[in-house]
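Student: Please give me a close look at one part of this model, the span that the database record annotates. Go through its elements in order and then turn to the single residues that stand out.

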Amino acid sequence: MPLPNDEKLIALSEALIEKFQAIFGAYPGIRPAHAKGILLKGEFTPAAGASTLSRAPHFASASTPVTVRFSNSTGVPLIPDNDPNANPRGIAVRFHLGERVHTDIVAHSTDGFPTHTGEEFLEFLQAIAASAPGTPSPTPVEAFVGSHPAALAFVQTPKPAPVSFATEGYFGVTAMEFLNAEGASQFIRYQISPEAGLDHLNDEATKAKEANYLFDEIATRVKSAPIAFKVKAQLAGVAEVVDDATIHWAADSKIVDLGSITLTSLVEDDAAEQKHTIFDPIPRVDGIEPSNDPLLELRAAIYLISGRRRRSA
Ligand code: HEM
């Protein structure tokens, strides 16, 4: 994947990586966000209707090998799984289309995002960094959410800890444009829903859990039975805003099934593979184009810059 030569975008990407490290600490060789993770593998089988929406190859093949990384939020490598800041959880899915050819979905467990742009997200992180416990109220972060309704809505969205990574639902948030064989366009947002059903813990039950409960559970679960998710597309209506992750689409938007992910084992050499793997929020596959959401190009640059540093650490 290419690194863009837009100097402003690169400078913003570097500033964001530095801000994550200022808040969470710098850990060479580890992701500055979604630091604690685990890799599993399996396959994706498309649903019958998927190829009528997109001509992407994994919607036409009988099955495609996948690698999935589940993660906790924050750049703290050993964040306890029952720490409230470990939400939202992350999922990154890599579809292996051929020798060194792949396309990814990167999603998290809250349906939304606090800011429309990366510049605003940097301001949000700066406000968080300047609001250490003991800072007189209104703290910079209180002032930020007070003047940014989308950030307030995101902060106030309940984020309960899941019973398992396999009982959590995940949202792609940034829209993609599907193109089918006839060239017809449909904007969509991914949703990844657990076949085991959504299951979350209340605060008391979360506090009683062990620091590694989710990672221990998923490793045990996959050894005893396959773990399945449905990949779905929420379809944008014609009037829907498709370039702003803070704007929700109509609650009654049509949701269609794109296929199933079935995970059957852990990835051998997990630490080395996590270090090497760089997920890409831009699909870079025929049949799925990124929308004009400004977060996409920025995140692609950030994950690549950060991933290259991680590989060489
Ligand atoms: C301005 C917006 C964003 C910034 C600055 C940002 C920043 C980051 C960074 C620095 C990483 C570590 C990348 C690496 O070292 O490989 C990361 C990973 C991740 N982000 Fe974001 N992110 C943003 C938006 C989002 C959104 C909208 C989502 C979900 C829809 C998301 C989900 C994830 C996930 C799941 C990972 C872990 C990927 C993996 O397993 O390798 N991020 N993000």
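Tutor: What follows takes the annotated span first, then its strands, its domains and helices, and last some single residues.

The model is predicted, so local features are given only where pLDDT is at least 70 and side-chain atom pairs only at pLDDT 80 or more, while totals for chains, interfaces and linings use all residues. Residue numbers start from 1 along each chain as its sequence is written.

The annotation "domain: Catalase core" comes from an unreviewed UniProt entry and covers residues 1-313. UniProt positions are in the numbering used here, feature names are shortened, and annotations may be inferred rather than shown by experiment. Within residues 1-313, 30% is helix and 24% is strand, and the end C-alpha atoms are 20 Å apart. Helices (H or I, at least four residues) and strands (E, at least two) are DSSP runs numbered from the N terminus.

Start with strand E2, residues 64-71. Of its 8 residues, 7 are buried, so E2 is largely enclosed by the rest of the structure. A residue is buried if 20 or more other C-beta atoms lie within 10 Å of its own, exposed if 12 or fewer, and partly exposed in between, with C-beta atoms placed from the backbone. E2 pairs with strand E1 (residues 37-46) in the antiparallel sense over 8 bridges; two strands pair if DSSP finds at least two bridges between them. In this pairing, Gly37 stands opposite Ser71 of E2. E2 also pairs with strand E3 (residues 90-98), again antiparallel, over 6 bridges. There, Phe70 has Ile91 of E3 as its bridge partner. The loop between E2 and E3 holds Pro88, and the peptide bond from Asn87 to Pro88 is cis, with omega near -5 degrees.

From E3 the pairing continues to strand E4. The two strands run antiparallel and are joined by 8 bridges, with His96 opposite His102 in E4. The hairpin of E3 and E4 has 2 residues between the strands, and in this hairpin Arg100 takes a positive phi near 60 degrees. E4 spans residues 101-108, and 7 of its 8 residues are buried, so E4 is largely enclosed by the rest of the structure.

Now the domains. The assignment gives domain 1 (7-112 + 162-236 + 251-312) and domain 2 (122-156); such bounds come from an automatic or database domain assignment. The centres of the two domains, taken over C-alpha atoms, are 26 Å apart. Their contact takes 8 residues from domain 1 and 7 residues from domain 2, where two residues are in contact if their C-beta atoms, placed from the backbone, lie within 7 Å. On the side of domain 1 that touches domain 2, there are 5 nonpolar, 2 polar and 1 charged residues. In these classes, Ala, Val, Leu, Ile, Met, Phe, Trp, Tyr, Cys and Pro count as nonpolar, Asp, Glu, Lys and Arg as charged, and the others, Gly among them, as polar.

Next come helix H3 (residues 118-129) and helix H4 (residues 140-147), whose axes come within 7 Å and cross at roughly 145 degrees. Axes are lines fitted to C-alpha atoms, for helices over the stretch in contact, and angles run from 0 to 180 degrees between N-to-C directions. Glu123, Phe124, Ala127 and Ile128 of H3 meet Pro140, Val141, Ala143 and Phe144 of H4. The residues of this contact are 7 nonpolar, no polar and 1 charged. Pro138 sits in the loop between H3 and H4, and the peptide bond from Ser137 to Pro138 is cis, with omega near -5 degrees.

Two loop residues deserve a look for their backbone angles. Val173, in the loop between strand E5 (170-171) and strand E6 (176-179), has a positive phi of about 65 degrees although it is not a glycine. Val173 counts as buried because it has 21 C-beta neighbours inside 10 Å. Asp269 lies in the loop between strand E9 (255-266) and helix H8 (270-276), and its phi, near 55 degrees, is a positive value in a residue other than glycine. Asp269 counts as exposed because it has 11 C-beta neighbours inside 10 Å.

The last residue is Tyr303, where the unreviewed UniProt entry places the feature "binding site". Tyr303 is in helix H9 (residues 294-312) and is buried, with 24 other C-beta atoms within 10 Å. Neighbours within four places in sequence aside, Tyr303 is in contact with Ile278, Phe279, Asp280 and Pro281.
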